[in-house]
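Here is a small set of exercises to work through with the sequence and the 3D view side by side. Try each task before you read its solution.

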Amino acid sequence: MTEIVTIEHVSTDIVEDADYVVVGSGAGGASAAWRLVEAGCDVAMLEEGPPVGLPDFGTQMFPAMAKMYRDNGMEAAVGRSMISMLQGRVVGGTTVVNSAIAWRVPEPAYERWSFDPAVRASFPLEDLHKHWDVLDEMMCVTPTALPIAGRGNTLPAQGAERLGWKGKVMNRFTRGCLGAGRCQQGCPNLAKQSTALNLIPAAMRKGMRVYATALVERVELDATGRAIGVAGRFRDPTLRRDGPRFRIRANKGVVLAPGCIQLPGLLHASGFRHRLLGEHFQAHPGAGLVPFFTDEVKYWEGATQGWETDHFADEGVKFEVVNVPLEINAARFPGVGRELARNVARMSHAGSWGVLVRMEAEGSVRSRPGRSARVKFTPLEDDMRRLRRALHNFAKIAVEAGAVQVMPGIYGLPPLLERDEIDRILDASLDPRHYTMVATHLFGTARAAASEDAGVCDPQFRPWGTRNLWVTDSSPFPRNLGVNPQFMIQATAMQVAEKILGA
Amino acid sequence: MGAWPPAPAGFRAWPAPVRARVSVLLTAVLPPEELGGTTDPVEDFVGGFAATLPPARRAAIRFGLDLLWLLAPLVLLGRTATFGGLTQDERERLLERIAYSKLYPIRVLGLMLKSFAGLAVIGDPAVRRGLGIDPPTGPLPPLGAHVRWDEDIEGLGR
C-alpha cells in the first residue's frame, strides 16, 4: 500500500495523471473512489485536511477541534441568529468525527427527497438499498449493544417507552465499539468505521493515491466544459503554511465531494457559473436539552450516540441522545463564574440529549477555496415551532425517565425547570435568537433538477454544461432528509460511480 | 507533560501580556480552582488557541476581548477600571450582564466566552479527574504534526 502524501513529503511542485481525480475523502468522495478503484480505475484522491490516527485521538476537545474540524469547529451559519456548523477536515472527512450513525432512508423520506421524477429515476430506492447492502458489510453497520450504551442512552429509552413512543438503538458504523463516548474527538479504540479505516485503505491497497493537506483551488475545464484535471497547493491546514503546488490531470473525469459548503466556491473559482450555485442550502439544525437526575448518569461513559426515536418523523423532528463533550456542554450550563462552576460540578448527574429538525428554511453559501465560507440561514417560524414542540416532548421523556430538573436552553425561560414546570417550554419565544442551535447535516447549494433553469446539477449529479465532472457529496441533494445523511451520501455516491463506469 | 499539546514552535501568536489578559477573562468565566484546577493550563490553552486561528479571526477575537477588557467595566458597571481591576464579584456581575444581555450579539459574546472557558478549564486533566473523567493516556503530538495513519491502523484484525 502506498503512503499518503502530505505537505511534509513534497518539496517541489508536482504534476501527475490519473483516470479519475476525486476531491474530498469523506463519505461521498471515499465511496465513489472505492467503487471506481474496484472497477480497475486509476484514482487520485485529494483531501484538504491532514491524515490523523490514534495519537491524535485524545480526550480533550480543543486539540481535536484545532486539527480535525473545519475552522477550528467555529464555522457558523448567520442569519437572524447564529447556528454553529460542524464539519470534519481530515482524511476521512466528517466520518472521522461524527457519531457514525447509519440510516437507510425510509420510504416516506425518500419520496420527499426525490420529488423530482428525473432525480428519482437516477437514484431508484432499490438501487440505493443494493449499495447499502454492500456498505453494511464494508462499514460494519451494527446496532448499539446494551452493555456499551451507558445510562446516558438507556434513560431516555425508558422514558419514551413509558410514554408509548417508539424508539430504537442506533445502527452505527462500528466494529467492536467499547463505548468510549469520544466519537467527536476521534475514536480512541479505532472502533468507529470512518472511511479512513475501510474504504480508503481498501482503495489504496489497489493502487489509489491519496494526497492530503492538498487544497484544490480549481477544477480545470477546457473550452467545451470538459473537466481535465485539478490544480491547487499543499497547505498545512492547522498552521496555514503554504507548500508546493500540484496539478493532477484527469484522463477520464473529476469527482467532487468537498462538502456542500465548499463546493460553490470551488466551482466558482473554476469558472463555472449558475445563478443557483450556493442557493437552496438546507440543514437539520438542532438544539440540546439537559435533564438532571438524582443518581449519577456520567453520560460520557457509553456510546456517544446510541438511542433515537423518530416517533415524530411526520413532524420532521428526530430525538437523539448526543453526548456532547463536556468542554462544549459547559457553555450551555447556567451562570458564570462560581455559579457556573457549581453547575458544571453537577455534570455527572446530567444527560445530554438533542432534537434535530428537518427545517424547511433555505439559505445560501458563498465560499472560496481555503477561506471561511459565508453561510446565510434563518429558520422559518414553523421550523422554530416544531423545534419548540420537540424540546417540550423531549422534556416529557426526561420527566418519565425520572429527571428532577430540565435545562431547556431557551433564553427567556428559567435556566432550570422543575418537573412540573416543563409546559413553560410551550410558551417560549419562537425567535431563533433565543435558542442555541447546531447544524451538522448540511445539504443543497448545487441542487440537482431535471432542467438547467431549476438546478445547478443534472439528475445524475453533473453540473449543467460540464462534461466528465460529477458531484458526490450532499450538494446536489434536492432536499434535506430528516435522518442522518451519511449512508444516503454514500449510496448516491456509489450510484454516481456506477453511472460513470457505465458511461 | 502539560495540559495541552505545545503550540507550534516559532509560530506567531498573541504576546504574553495578551495571553495573560485572556486567561484572566476565561478564569473569571469558569474559575478552575472551583473544579480542582489551576490557572496555568488556561494560559497554555490561550497560546495554542491563538496559534491555530486564521489571522483575521485571531485579530477580530483579540479586538473584541480588548474592548471587553477596557470598556465593559465602564459601560456595564459604571466603573472606571479595566476588567483586571475588578474584584471577582464585580467580574462575575459584569459577565452575567453579558451572558444574559437582551442584545443578541452581546449574548453571543457571552456564549463564546463560556465556550472558550469550557475548552480551557475542563480540558485540563486535573479538572477532568475531579469531574470523574478519565485523563489522557499518553502525550499528545504537537499541533500541526502529522502521524503515519497507515501504521496506526495496520494489524487491527480487520
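The exercises below go from single chain to contact surface, each with a worked solution.

The model is predicted, so local features need pLDDT of at least 70 and side-chain atom pairs count only at pLDDT 80 or more, while totals for chains, interfaces and linings use all residues. Residues are numbered from 1 along each chain as its sequence is written, and chains are lettered from A, with ligands numbered from 1, in the order in which they are written.

**Exercise 1. Get to know chain B**

Task: find how many helices and strands chain B has, and what share of its residues is buried.

Solution.
- Step 1: Use DSSP runs numbered from the N terminus, taking helices as H or I of at least four residues and strands as E of at least two.
- Step 2: Chain B then shows seven helices and zero strands, in the order α-α-α-α-α-α-α from the N terminus.
- Step 3: Call a residue buried if 20 or more other C-beta atoms, placed from the backbone, lie within 10 Å of its own, exposed if 12 or fewer, and partly exposed in between.
- Step 4: By that count, 37% of the 158 residues in chain B are buried.
- Step 5: Two residues are in contact if their C-beta atoms, placed from the backbone, lie within 7 Å. Of the contacts in chain B with a separation of 6 or more, 61% join residues 24 or more positions apart.

**Exercise 2. Follow one helix of chain B**

Task: list the buried residues of H1(B) and say what covers them.

Solution.
- Step 1: H1(B) spans residues 16–29, which is 14 residues.
- Step 2: Its expected span is 1.5 Å times one less than the number of residues. From first C-alpha to last, H1(B) reaches 20 Å, close to the 20 Å expected.
- Step 3: The buried residues are Arg21(B), Val22(B), Ser23(B), Leu25(B), Leu26(B), Thr27(B), Ala28(B) and Val29(B).
- Step 4: Their cover includes H2 (40–52), H3 (55–77), H4 (88–99) and H5 (104–122) of chain B, together with H10 of chain A.

**Exercise 3. Cross two helices**

Task: decide how H3(B) and H4(B) are oriented towards each other.

Solution.
- Step 1: Fit axes as lines to C-alpha atoms, for helices over the stretch in contact, and take angles from 0 to 180 degrees between N-to-C directions.
- Step 2: The two axes come within 10 Å and cross at roughly 80°.
- Step 3: Angles under 35 degrees count as roughly parallel, over 145 as roughly antiparallel, 65 to 115 as roughly perpendicular and the rest as oblique. H3(B) and H4(B) are therefore roughly perpendicular.
- Step 4: Ala72(B), Pro73(B), Leu76(B) and Leu77(B) of H3(B) meet Glu90(B), Arg93(B), Leu94(B) and Arg97(B) of H4(B).
- Step 5: Sorted by class, this contact has five nonpolar, no polar and three charged residues. Here Ala, Val, Leu, Ile, Met, Phe, Trp, Tyr, Cys and Pro count as nonpolar, Asp, Glu, Lys and Arg as charged, and the others, Gly among them, as polar.

**Exercise 4. Look at the side of chain A that touches chain B**

Task: work out which helix of chain A gives the most residues to this side.

Solution.
- Step 1: The contact takes 51 residues from chain A and 47 from chain B.
- Step 2: H2 (61–68), H9 (326–329) and H10 (338–344) of chain A each supply at least two residues.
- Step 3: H2(A) gives the most, with five residues.
- Step 4: By class, the side of chain A divides into 30 nonpolar, 11 polar and 10 charged residues.

**Exercise 5. Place a buried loop residue**

Task: is Val90(A) buried or exposed, and which residues does Val90(A) touch?

Solution.
- Step 1: Val90(A) lies in the loop between strand E4 (82–85) and helix H3 (107–113) of chain A.
- Step 2: Val90(A) counts as buried because 31 C-beta neighbours are inside 10 Å.
- Step 3: Leaving out residues up to four places away in sequence, Val90(A) touches Gly49(A), Pro50(A), Val52(A), Met68(A) and Val96(A).
- Step 4: Gly26(A) is 64 residues away along the chain, with 8.3 Å between its C-alpha and that of Val90(A).

**Exercise 6. Check a positive phi**

Task: find where Asn72(A) sits and what its phi is.

Solution.
- Step 1: Asn72(A) is in the loop between H2 and strand E3 (76–78) of chain A.
- Step 2: Its phi is near 55°, a positive value in a residue other than glycine.
- Step 3: Asn72(A) is partly exposed, with 18 other C-beta atoms within 10 Å.
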